[in-house]
Amino acid sequence: MAERYYIDALPELADRTFFYDTNVLLYLYYPTMAGWAVTDYSHLFADMLEQKMNMVIDSSVLSEFINRALRIDYTAYNERSKSSRELPQYAYFKNFRNSTYGEESVEHIQDLAKVILTHFGIDTKSISKADIEKSLKLDSLDFNDKLIENICESKGYILVTNDLDFKDSRVDILSAHRGFLEPTEEQ
């Protein structure tokens with residue numbers, strides 16, 4: 001059975017490698033509002049940096065971060081443009097992305113990605129045809145989450161996530177979300 005750890009268990013996990021999920025990267029580098037998740041994961045991240053713990057992501061997580069942050073900017077821009085006659089509205093995402101506002105957003109997010117790369121190692125596990133076929137099975141995890149689960153399982157990483165879709169996952173999880181500490185259906 002995979003283990004579930006609350007963030008206060010960090011000292012007992014010092015020798016492990018931690019794989020960060022996209023949602024936690026968004027709390028750290030692109031928070032849209034203040035709240036317990038931003039605060040808790042920021043403290044966890046600071047502790048891990050201070051203790052020089054091994055933290056990794058992969059290219060799919062970085063891609064999800066970049067794409068999600070850009071979508072956040074697109075949605076926010078469209079909301080602002082609805083109440084302002086001075087801002088053009090962008091009905092299509094690609095129109096926004098190719099606009100002056102979108103290009104500035106892309107540049108900012110790319111700069112953040114470079115900062116992320118200074119703090120995280122990159123897992124370069126090759127995804128096999130068998131890994132992909134295994135990840136196509138429908139359950140609570142989407143395709144990218146299944147790929148993350150596969151990496152963590154094969155490498156023995158602890159997944160740092162706030163996503164309860166992983167609650168019944170077969171990998172060890174470190175989270176600030178207390179929902180991970182509640183018994184699962186299998187228990």
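Buried means under 20% relative accessible area, exposed over 50%, and partly exposed in between, with a 1.4 Å probe and protein chains only. This is a predicted model: local features need pLDDT of at least 70, side-chain atom pairs count only at pLDDT 80 or more, and totals for chains, interfaces and linings use all residues. Residues are numbered from 1 along each chain as its sequence is written, and side-chain values use heavy atoms, with hydrogens and water left out.

**Exercise 1. Place Val171: buried or exposed?**

Step 1. Locate Val171: the loop between β5 and β6. Strands (E, at least two residues) and helices (H or I, at least four) are DSSP runs, numbered from the N terminus.

Step 2. Read the accessibility. Val171 has a relative accessible area of 2%, so Val171 is buried.

Step 3. List the contacts (heavy atoms within 4.5 Å). Leaving out residues up to four places away in sequence, Val171 touches Ala2, Glu3, Arg4, Glu149, Cys152, Glu153 and Leu159.

Step 4. Take one of these pairs. Val171 and Cys152 are 19 residues apart in sequence, and their C-alpha atoms are 6.5 Å apart in space.

**Exercise 2. In which order do the six strands of the open sheet stand?**

Step 1. Set the criterion. Two strands pair if DSSP finds at least two bridges between them.

Step 2. Start with β2 (residues 17–20) and β3 (residues 54–57): three bridges, parallel. Here Phe19 stands opposite Val56.

Step 3. Go on to β4 (residues 121–122). Two bridges join β4 to β3, again parallel. Val56 has Gly121 as its bridge partner in β4, and Ile57 stands opposite Ile122.

Step 4. Write the order: β1-β6-β5-β2-β3-β4, with parallel pairing.

Step 5. Check the edges. β1 (4–6) and β4 each have a single partner strand, so one side of each lacks a neighbour in the sheet.

Step 6. Add the helix. α2 (residues 36–50) packs on the sheet and touches β1, β2, β3, β5 (158–160) and β6 (173–175). The direction of α2 makes about 145° with that of β2. Axes are lines fitted to C-alpha atoms, for helices over the stretch in contact; angles run from 0 to 180 degrees between N-to-C directions.

**Exercise 3. At what angle do α3 and α5 pack?**

Step 1. Take α3 (residues 59–82) and α5 (residues 100–119). Their angle is about 145°, and their axes are 10 Å apart.

Step 2. Name the contact residues. From α3 they include Leu62, Phe65 and Asp73; from α5 they include Tyr101, Gly102 and Ser105.

Step 3. Sort the residues of this contact: 13 nonpolar, two polar and one charged. Ala, Val, Leu, Ile, Met, Phe, Trp, Tyr, Cys and Pro count as nonpolar, Asp, Glu, Lys and Arg as charged, and the others, Gly among them, as polar.
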